[in-house]
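The following paragraphs lead through a protein structure, taking up the packing of helices and then the backbone of a segment. Please keep the sequence and the model in view while reading.

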Amino acid sequence: MQWDTTRCPGCANSTPHEQWYVDPDMPDKVYTPYQMELRKKKKQFESRLISLGIKNYRVSHLEFLDHSQETFQEPYEVGCRMLILYALAYVSQNLDERLSIVDWFKRENIWDKVSDNEKNFLYAHVPEEEKAIDISWGIEGALTLAWVLNIVKTLPEIDQGSQDDVFDHFFSSMPQIGTNTQEFLRHLSFRSLEEIYEENLVNEAATSYFRDILLSGREDETNINRMISFERHRVLNWVRQFLGVKDWDEIGTDT
């Protein structure tokens with residue numbers, strides 16, 4: 001049985017149930033269409049986090065979900081970064097081909113977009129194993145950028161891991177290493193900026209979650225792949241130019 005009224009333990013007065021529930025965002029206000037849209041995004045965003053196992057994250061400032069104030073990289077720049085991560089992931093498993101990759105980058109006029117740390121890896125006499133492993137994870141960043149550019153239509157959820165069919169489509173859609181890429185790069189375009197921004201925020205929330213459980217000593221209640229989420233967070237921070245940072249080596253996963 002559900003009661004129509006509830007008695008307040010403080011003042012002992014009984015009031016209808018609906019008077020006990022107040023919207024935490026903007027109580028007693030009429031919502032504008034803009035606010036209604038942000039409230040819809042808030043519900044969708046928080047529901048997605050809950051489905052990932054991040055149950056206590058709440059958006060208290062609705063404008064946080066508005067992507068219109070962000071300054072995104074240009075599609076050409078994102079395409080160049082995607083090719084760099086793609087080629088570096090390949091060469092991390094084929095170290096003897098590093099100089100040929102350097103020559104390819106130079107021929108395609110994207111050498112100046114390779115970061116100093118990446119150049120050091122390519123020119124190192126014997127690259128450190130740990131560095132090669134870090135570089136290899138860039139394939140997840142490259143896949144994320146392919147999704148940003150609508151080269152792949154879907155991105156596996158971060159608690160599902162990589163899916164072979166998505167990667168197969170990605171590999172088949174990329175220019176072969178060593179070939180001409182300028183025509184490919186000139187015709188790239190973004191998917192919805194709203195989608196890109198939301199994906200960035202989801203992985204930002206995951207970073208906050210893992211930081212908080214580390215500090216508190218709590219157990220991980222998600223199945224999120226931390227390394228995949230980290231790579232997505234980093235590359236999408238770069239796409240979004242988070243905190244105004246454009247240099248790839250300076251991109252972090254701050255929240």
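**A helix pair and a segment after helix 10**

This is a predicted model, and Gln241, a convenient landmark in it, lies in the segment after helix 10, which spans 226-240. Before turning to that segment, it helps to look at a pair of helices.

Two packed helices are described by the angle between their axes and the distance between the axes. For helix 6, residues 138-148, and helix 7, residues 164-173, the angle is about 75° and the axes are 11 Å apart. Since angles of 65 to 115 degrees count as roughly perpendicular, helix 6 and helix 7 are therefore roughly perpendicular to each other. On the side of helix 6 the contact is made by Ile139, Glu140, Ala142, Leu143 and Ala146, while helix 7 contributes Val166, Phe167, Phe170 and Phe171. Sorted by class, this contact of helix 6 with helix 7 comprises 8 nonpolar residues and 1 charged residue, with no polar ones.

Returning to the segment after helix 10, which residues there have a positive phi although they are not glycines? Gln241 is one of them, with a phi of about 55°, and Leu243, which also lies in the segment after helix 10, has a positive phi of about 60° although it is not a glycine either.

Are these residues buried or exposed? Gln241 has a relative accessible area of 11%, and because buried means under 20%, Gln241 counts as buried. Leu243, in turn, has a relative accessibility of 66%, and because exposed means over 50%, Leu243 counts as exposed.

Terms used
Residues are numbered from 1 along each chain as its sequence is written. This is a predicted model: local features need pLDDT of at least 70, side-chain atom pairs count only at pLDDT 80 or more; totals for chains, interfaces and linings use all residues. Side-chain values use heavy atoms; hydrogens and water are left out. Axes are lines fitted to C-alpha atoms, for helices over the stretch in contact, and angles run from 0 to 180 degrees between N-to-C directions. Helices (H or I, at least four residues) and strands (E, at least two) are DSSP runs, numbered from the N terminus. Angles under 35 degrees count as roughly parallel, over 145 as roughly antiparallel, 65 to 115 as roughly perpendicular and the rest as oblique. Contact means heavy atoms within 4.5 Å. Ala, Val, Leu, Ile, Met, Phe, Trp, Tyr, Cys and Pro count as nonpolar, Asp, Glu, Lys and Arg as charged, and the others, Gly among them, as polar. Buried means under 20% relative accessible area, exposed over 50%, partly exposed in between (1.4 Å probe, protein chains only).
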